[in-house]
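I opened this entry to keep a record of what I looked up, element by element. I begin with a single helix and then turn to packed pairs and to the contact between chains.

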Amino acid sequence: MTQTTRIADAFPALNQTVGDKPLVYLDSAATTQKPTCVIDAVHSYYEHDNANIHRGVHQLSMRATKGYEGARAKLAALLGASKDEIVFVRGATEAINLVAQAWGRPRLGAGDEILITEMEHHSNIVPWQLLCEQTGAALKVAKVNDDGSLNVDSFKELLGEDTAIAAFTHVSNAIGSINQVKELCTLAKAAGAVTVVDGAQATGHMHVDVQDIGCDFYATSGHKMFGPTGIGCLFGRSELLEEMEPYQGGGDMILSVSFEETTWNKVPFKFEAGTPNIAGAIGLSAACDYITEIGYDTIHDIEMELLSYGTKVLSEIDGATLVGTAKQKCAILAFTVDGVHPHDVGTICDHEGVAIRTGNHCAEPLMHRFGLSATCRASLSVYNTASDIDALATALRKAITMLA
Amino acid sequence: MSDLRELYLEMVTDHAKNPRHRGKAEPCDCIGTGNNPLCGDKLVVTVHLDGDTIEDVKFDGEGCAISVASADLMAEVLSGKSVDDAKELFSGFHELVAGEGTPEVPKKLAVFSGVREFPMRVKCATLAWHTVIAALNGSEEVTTE
């Protein structure tokens, strides 16, 4: 038995048939499947420890608090941060909105600029557009090269003394390009901008060290790194989190409340109003353990081998064209098929048991950049194998025979 | 699992590859734009009316096989029909692809009966219809989201 077969065995949802075909799951950039240890952790929490956190004096509350805060410590260790720099949120989207509203809104005004890139997911575009509307700041967009990599010269040209925030993705969800975020942070910092890195597509695949990257904020989602949906985290540098106003008001984010004056709880609790997703955090904690156990090096090796095999297999299919061929790339294969609309490709693949994503991948401006309205996307994870890519190739040939 | 051949019948793939009614109806008496954000498709439907009679329907834009074939066959079926007939035909077509009954529809629409087994594709099949009905009702833009 190969190592990768053993990895897939840890993910119960992968072991099923859809219709009469074995499932081939190639949509991990949308959400990864969950290993048994994560499912068990969530189940066990509800079965044994379910209680509200932080304020209860009883045993269950103490256990729940320990699990929740333990998750914060695990994430901090994984990302090279300290515990009080990790704010639990619903996911990367909420993390970016939090920065836009709690850091950006009180500080930005007319004349300020927010620099993003053409390859951003809508979640790293729209929160900044809202902030621009609210404050009068202007949005600037750095270009993407033909191979799908960021045009760093364009990024440099647009950086200036007016740039208040530079927000960019670590890995493109649509085409897999990896940005040199450390270099971009150095550039942005030199221009005096606060940096926000969207790490949703990174933390399930590569070692991320926020200190080494030198970012001010780093956003990620648990469900794209083997954890549950509805939980993610925002890393923020302590000084910035300290000086920020709360994002939402409610319980747990306050020290004392009166009708005359309310004082905020300390960081990071100041940003966690209301009962949080305790089970989600505990599941994410188990996901961190899972990643640590396999190791990012192994994950990287397996995925790079799959990317290279997938690139070769797709290049051998007449009529299939890869979109995004940056040198630094995660295992995401975006492509079009001559004469067959991506939506039809998706339906035919599904009929073969192969789950891919089709559409604009919440990155409409990037699609327009390449003159496309939609692509097909096969996104791989550590549990995939070469035979999954062979199944994709078979399905694509069928689509071409039927419709091209 | 439902059979793919039921979805992609020969008439459907033929009209998807070689649509007969692509373009703009002249003179254009009403126009509608339909968006399917799920697949990024955008369809512009134009209609030439003579009083209450639909003389010509044309469509333009990009779409998947189902949405292009549906737009093309719709254009064929609607030619010469009254506005009320068009609404009735849509109601039957909608029942065919998204309902549970067995509506009587012209043969050229019956080829979409397989869509019912593919719920994610209902919006593709109905985009052109939603758009033409909106155009006939005087509103310009519809979305299937």
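The notes below follow the order in which I looked.

I am working from a predicted model, in which local features need pLDDT of at least 70 and side-chain atom pairs count only at pLDDT 80 or more, while totals for chains, interfaces and linings use all residues. Residues are numbered from 1 along each chain as its sequence is written, and chains are lettered from A and ligands numbered from 1 in the order in which they are written.

**Entry 1: one helix in chain A**

I looked up helix H2 of chain A, residues 36-49 (helices are DSSP runs of H or I with at least four residues, strands are E runs of at least two, both numbered from the N terminus). H2(A) has 14 residues and spans 19 Å from first to last C-alpha, close to the 20 Å expected at 1.5 Å a residue (1.5 Å times one less than the number of residues).

Which residues of H2(A) are buried? I noted Val38(A), Ala41(A), Val42(A), Tyr45(A) and Asp49(A) (buried means 20 or more other C-beta atoms within 10 Å of the residue's own, exposed 12 or fewer, and partly exposed in between, with C-beta atoms placed from the backbone). Viewed down the axis of H2(A), these buried residues fall within an arc of 95°, so they line one face of the helix (the arc is that of the directions from the helix axis to the C-beta atoms). Glu47(A) and His48(A), on the other side of H2(A), are exposed. The buried residues pack against helix H3 (59-79) and helix H10 (278-294) of chain A (contact means C-beta atoms, placed from the backbone, within 7 Å).

**Entry 2: two helix pairs**

In chain B, I found that the axes of helix H4 (residues 83-98) and helix H6 (residues 122-136) come within 10 Å and cross at roughly 160° (axes are lines fitted to C-alpha atoms, for helices over the stretch in contact, and angles run from 0 to 180 degrees between N-to-C directions). H4(B) and H6(B) are therefore roughly antiparallel (over 145 degrees; under 35 is roughly parallel, 65 to 115 roughly perpendicular, the rest oblique). Among the residues that meet are Phe90(B) and Phe93(B) in H4(B) and Trp129(B) in H6(B).

In chain A, helix H11 (residues 296-315) and H14(A) pack at about 20° with axes 10 Å apart, and are therefore roughly parallel. Leu306(A), Tyr309(A), Gly310(A) and Val313(A) of H11(A) make this contact with Ala386(A), Ile389(A) and Ala393(A) of H14(A).

**Entry 3: between the chains**

I noted that the contact takes 17 residues from chain A and 15 residues from chain B. On the side of chain A that touches chain B, helix H12 (342-351), strand E16 (357-359) and helix H14 (386-403) give two or more residues, and H12(A) gives the most, with six residues.

Note on methods. Contact = placed C-beta atoms within 7 Å.
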